[in-house]
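Thanks for coming. I have one structure to go through today, and I will keep to what can be read from the coordinates.

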Amino acid sequence: MKKTLVMVISENNLEAVNRSIHEIGNMDNTDLLIIDEASEYDLIEEIEEHKSVKCILHPIPQGLGACIAEAINYGNSFEYDYLITADC
């Protein structure tokens, strides 16, 4: 079965993170990777009940290109077949 990774970039947008978790979290063979770009809230604390959500934290913003490159590397490392990117 093919595996899909959905990457969501968030910078102080907890509403979009929660929406992504609820919309993507229940999709078959699909995992959610949130890349947090130096948000003012503690993302790990906010999503701790969603154990299947993967998260990468950037203490300072890295920009869209760096986030996409990091998601590609993550996807390759864990043998995903597809990567879908979203910027919230």
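I will start with the strands, move on to the cores, and finish with two loop residues and the aromatic rings.

First, a caveat: this is a predicted model.

Let me begin with strand 2, which covers residues 30–37. How many of its residues are buried? The count is 7 of 8, so strand 2 is mostly covered, taking under 20% relative accessible area as buried.

Strand 2 has a strand partner that comes before it in the chain, strand 1, residues 4–10. The two run parallel and are joined by 7 bridges. One of the pairings is Thr4 with Thr30. The connection between these strands involves helix 1, residues 14–24. Together, strand 1, helix 1 and strand 2 form a β-α-β unit, and its hand is right-handed.

Strand 2 also pairs with strand 3, residues 54–58. That pairing is parallel too, with 5 bridges. Within it, Leu33 has Lys54 as its bridge partner.

Now two residues of strand 2 in more detail. Thr30, which belongs to this strand, has a relative accessibility of 13% and therefore counts as buried. Leaving out residues up to four places away in sequence, Thr30 is in contact with Thr4, Val6 and Ile24. Thr4 is also its bridge partner, as I said.

The other one is Ile34, again in strand 2. Is Ile34 buried or exposed? Its relative accessibility is 0%, so Ile34 counts as buried. With the same sequence neighbours left out, Ile34 touches Val8, Ser10, Val17, Ile21, Leu43, Val53, Lys54, Cys55 and Ile56. For Val8 there is also a backbone figure: the C-alpha atoms of Ile34 and Val8 are separated by 4.9 Å, although the two residues are 26 apart along the chain.

That leads to the nonpolar cores. The largest has 11 residues: Val6, Val8, Val17, Ile21, Ile24, Leu32, Ile34, Tyr41, Leu43, Ile47 and Val53. Which elements give two or more residues to this core? They are strand 1, helix 1, strand 2 and helix 2, the last being residues 43–47. Helix 1 gives the most, with 3 residues. Val53 is another member of this core, and its contacts, beyond four places in sequence, are Ile21, Leu32, Ile34 and Ile47. Apart from this core lies another one, of 10 residues, including Met7, Leu33, Ile35 and Ile56.

Those two lists are worth reading against the strand. Leu32 and Ile34 are in the largest core, whereas Leu33 and Ile35 are in the other. As background, side chains in a regular strand alternate between the two faces of the sheet.

Next, the backbone. Two residues that are not glycine have a positive phi. Asn29 has a phi of about 55°, and its place is the loop between helix 1 and strand 2. Asn29 has a relative accessible area of 37%, so it is partly exposed. Glu79 also has a positive phi, near 55°. Where does Glu79 lie? It is in the loop between helix 3, residues 64–77, and strand 4, residues 82–87. Glu79 counts as exposed because its relative accessibility is 64%.

Last, the aromatic rings. There are 2 aromatic pairs in the structure. In one, Tyr74 and Phe78 are 4.7 Å centre to centre with 40° between the planes, and the pair is tilted. In the other, the centres of Tyr74 and Tyr80 are 6.5 Å apart. Why is that pair stacked? The planes are at 25°, and stacked pairs need planes under 30 degrees apart. Tyr74 takes part in both pairs, and the ring pairs link Tyr74, Phe78 and Tyr80 into a cluster.

On accessibility, Tyr74 counts as buried because its value is 16%, and Tyr80 counts as buried at 13%. Phe78, at 46%, counts as partly exposed. There is also a charge at this site: Lys3 lies over the face of Tyr80, at 4.5 Å from the ring centre.

That is the end of my list, and I can take questions.

Terms used: Residues are numbered from 1 along each chain as its sequence is written. This is a predicted model: local features need pLDDT of at least 70, side-chain atom pairs count only at pLDDT 80 or more; totals for chains, interfaces and linings use all residues. Side-chain values use heavy atoms; hydrogens and water are left out. Buried means under 20% relative accessible area, exposed over 50%, partly exposed in between (1.4 Å probe, protein chains only). Helices (H or I, at least four residues) and strands (E, at least two) are DSSP runs, numbered from the N terminus. Two strands pair if DSSP finds at least two bridges between them. A crossover is right-handed if, with the strands pointing away from the viewer, the path from the first strand over the helix to the second runs clockwise. Contact means heavy atoms within 4.5 Å. A nonpolar core is a set of buried Ala, Val, Leu, Ile, Met, Phe, Trp, Tyr and Cys residues joined through side-chain atoms within 4.5 Å. Rings of Phe, Tyr and Trp (its six-membered ring) pair if their centres lie within 6.5 Å; planes under 30 degrees apart count as stacked, over 60 as edge-to-face and the rest as tilted. A charge sits over a ring if NZ of Lys or CZ of Arg is within 6 Å of the ring centre and within 35 degrees of the ring normal.
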